[in-house]
Amino acid sequence: MTVRYRDGIHFEREGDSEPHVVADARSAVGTVNVVSHAHADHTFRSAPETVVCSAETAAIAEARTGTGFEFVDAAPGIELVPAGHVVGSRAAIIDREDASDGTDSQRYCYTGDFSTRDRCYLEGFDPHAVDADVLVMETTYGLPEYRFPTQETLEAEISDWIGDNDDRPLFLFGYSLGRAQKLQWIARSASTDRETLVSDSIHDVNRAIETATDGRLEFLGRPYDTLRNLTDEIVILPSNQARADWVEAAVARENALKAGFSGWAVDSSFRYRGNYDVTFPLTDHCDFDELVATVRAIDPEVVYTTHGFDEAFADVLETEFGYRARPLKRDQTTLEEFW
Ligand SMILES: [Zn+2]
């Protein structure tokens, strides 16, 4: 098959009129259409036909977009495995089925967004359980400077910071699906007395996850009516609101501290861009070492990289580890002949 990055990732068989598999696209133009997880940039815009995704992803996507869709959690030649990015996230293992003479039966692994770390309530992606000849992987943090402390260390540092600042409100920023729930989780383990307040959008995602997991997960953040007269509350807001005027005004008025959470916290500019008092590299993606470890565990013949430092990481895989690796550039063909 040919792998292309167009609208989403296309796996195309020679001679077929439509792509065999399309993953994480806005238009469902594949014979099989996969949604790896419920982040907005990975879901179909228009009401699609049947998609391959987890039940959790279907439920969360429906709650967030208001549009339901038919789904199956497997299809002939396609298997989903946990990707460890957010609740319901899956990597797709795709068998090539067009080897009529049986001589070429490559297996493809498309990771979607992924993390190999066990975090809070989420199990990480297990690359040792994946058998694939071609690996298509996201490489958001594919540079050696993006090495993060262990999850244990990070969660302990965040808990300590919350405990050290127990006499004032704290404003924590993370995206609504994923980071915001982990922050609620960590805040609750850091302090059971302090109230956690969340935005309506985060509260909606909480409810969607609770429903999608049949109550296995529960988040205690309460939507606030007002952010006035705060004492020691922990307020969790979407990261795109970090510099909003109303947020800055509330932080100043309530004598609060602001904390940002992202792998980009390794860059000093992250702190200034969000005007944070403190930042922590808490992430739902792999760091550099985890990306390398993933490739070595799967040990594919070919690696295609997408997102983030795709070129630099493919370069490292070739020069330092001897893999055949190429970045998947949008709208460029990546044919075997180009090697
Ligand atoms: Zn994502």
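## A bridge between two strands

In this predicted model, Gly260 has Thr279 of strand 17 as its bridge partner. That pair belongs to the connection between strand 16, which covers residues 257-261, and strand 17, where 3 bridges join the two strands and the strands run parallel.

## The sheet around these strands

Strands 16 and 17 are part of an open sheet of 6 strands, whose order is 14-13-15-12-16-17 and whose pairing is parallel. Strand 14 (222-223) and strand 17 (278-280) each have a single partner strand and stand at the edges, so one side of each has no neighbour in the sheet.

Strand 12, by contrast with nothing left open on its two faces, is covered on both, with Leu170 and Leu172 buried on one side and Phe171 and Phe173 buried on the other. This arrangement can be read alongside a general pattern: in a regular strand, side chains alternate between the two faces of the sheet. Strand 12 pairs with strand 15 in the parallel sense over 4 bridges, and strand 12 is also joined to strand 16 by 4 bridges, again with the strands running parallel. Phe171 stands opposite Val235 in strand 15, and Phe171 also stands opposite Lys258 in strand 16.

## A helix lying across the sheet

Helix 2, formed by residues 151-164, lies across strand 12 (170-173), strand 15 (234-237) and strand 17, and its direction makes an angle of about 155 degrees with strand 17.

## Two domains

The domain assignment of the protein chain gives two entries, with domain 1 made of the segments 2-145 and 285-338 and domain 2 spanning 151-280. The C-alpha centres of domain 1 and domain 2 lie 30 Å apart, and where the domains meet, 20 residues of domain 1 are in contact with 16 residues of domain 2. On the side of domain 1 that touches domain 2, the residues divide into 10 nonpolar, 3 polar and 7 charged.

## Helix 1 against helix 4

Two packed helices are described by the angle between their axes and the distance between the axes. Helix 1 (residues 55-65) packs with helix 4 (residues 200-212) at an angle of about 150 degrees, with the axes 9 Å apart, and helix 1 passes helix 4 in a right-handed crossing.

From helix 1, the residues Ala55, Glu56, Ala59, Ile60, Ala63 and Arg64 meet Asp204, Val205, Ala208, Ile209, Thr211 and Ala212 of helix 4. Sorted by character, the residues of this contact comprise 8 nonpolar, 1 polar and 3 charged.

Methods
Residues numbered from 1 in each chain as written. Predicted model: local features only at pLDDT ≥ 70, side-chain atom pairs only at ≥ 80, totals over all residues. Axes fitted to C-alpha atoms, helices over the stretch in contact; angles between N-to-C directions. Left-handed = near helix turned anticlockwise from the far one by under 90°. Contact = placed C-beta atoms within 7 Å. Nonpolar A, V, L, I, M, F, W, Y, C, P; charged D, E, K, R; others polar. Domains from an automatic or database assignment. Pairing = 2+ DSSP bridges. Buried ≥ 20, exposed ≤ 12 C-beta atoms within 10 Å, placed from the backbone.
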